[in-house]
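I opened the model to look up its fold, its core and a few single residues. My entries follow in the order I made them.

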Amino acid sequence: MTPVKLRNLLLRANRHLGAALVDANLVKVAQLEAATERLLELAAAGNTRQCSVLGVLAYELKVVSEEDALLQLLDGDGAGLVDLRACDVAEDLKPGLDLDACWATWSLPFDREEGFTFVATAHGLSAEVRAHWEKQLGGPILWFGATIEGIADTLEKLGAARATGTTPAVPAKP
């Protein structure tokens, strides 16, 4: 994915998540505006691994808890919960995994069973995140809420494994 497309995905995913948080009455518009300003600063600095409007709202501004957002995902969308630190990403998913898109959407396809792909996400309330992965995976998805920390830890491990050559990189697309 080109840097421009990646940045656009990141911004759209976070914008949709912010709107969903406001719609769920978890944050106020003014709080979201402050978080969005901070998100833009992080994106401009190239800190994509910190670019989460939920992270800014929960851990910098402390106006919502990550738990409340996950509960909204569970209650509103019927998603499950997963602790990625207790899971191994399926070997058949690793080679084609676009880690940049995972960071931009705070989501990670982690298993595949009986035609369903299991996707863990900290940004599951974002319609843009869901649309992106539905298009990328091209089949039915079972969504699971996960913490920002769990997603980050797993993505960092996958990135380190890929850098050492133990996990193949995403094949280049023409």
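Before any residue is called buried, I note the cut-offs: buried means under 20% relative accessible area, exposed over 50%, and partly exposed in between, with a 1.4 Å probe and protein chains only. Helices (H or I, at least four residues) and strands (E, at least two) are DSSP runs, numbered from the N terminus.

**Entry: source.** This is a predicted model, in which local features need pLDDT of at least 70 and side-chain atom pairs count only at pLDDT 80 or more, while totals for chains, interfaces and linings use all residues. Residues are numbered from 1 along each chain as its sequence is written, and side-chain values use heavy atoms, with hydrogens and water left out.

**Entry: whole chain.** I found seven helices and four strands. Read from the N terminus, their order is α-α-α-α-β-α-β-β-α-β-α. The radius of gyration is 15 Å, which agrees with the value near 16 Å for a compact globule of 174 residues. That radius is taken over C-alpha atoms, and the globule rule is 2.2 Å times the number of residues to the power 0.38. Along the principal axes, the C-alpha atoms fill a box of roughly 45 × 35 × 25 Å. Of the 174 residues, 46% are buried.

I then looked at contacts (heavy atoms within 4.5 Å). Among those with a separation of 6 or more, 66% join residues 24 or more positions apart.

**Entry: helix H3.** How many of the eight residues of H3 are buried? Six are, so this helix, residues 53-60, is largely enclosed by the rest of the structure. I listed them as Val53, Leu54, Gly55, Val56, Leu57 and Ala58. They pack against four helices: H1 (3-23), H2 (29-44), H4 (66-77) and H7 (148-163).

**Entry: two positive phi values.** Most residues other than glycine have a negative phi. Lys62, just after H3, has a positive phi of about 55°. Lys62 sits in the loop between H3 and H4 and counts as exposed because its relative accessibility is 62%. Glu114 is not a glycine either, yet has a positive phi of about 50°. I placed Glu114 in the loop between strand S2 (107-113) and strand S3 (116-121). Its relative accessibility of 76% makes Glu114 exposed.

**Entry: nonpolar core.** I took a nonpolar core as a set of buried Ala, Val, Leu, Ile, Met, Phe, Trp, Tyr and Cys residues joined through side-chain atoms within 4.5 Å. The largest one has 56 residues, and those with the most contacts inside it are Leu21, Leu84, Leu108, Phe110, Ile151 and Leu155. H1 gives the largest share of this core, nine residues. Leaving out residues up to four places away in sequence, I found Phe110 touching, among others, Val82, Leu84, Leu93, Phe118 and Phe144.

**Entry: His132 and Val4.** Is His132 in helix H6 buried or exposed? His132 is buried, as its relative accessible area is 10%. Helix H6 covers residues 127-137. With residues up to four places away in sequence left out, His132 touches Met1, Leu9, Ala101 and Thr105. Val4 belongs to helix H1 but counts as exposed, at 57% relative accessibility. From Val4 to Glu91 I read 29 Å, C-alpha to C-alpha, with their positions 87 residues apart in sequence.
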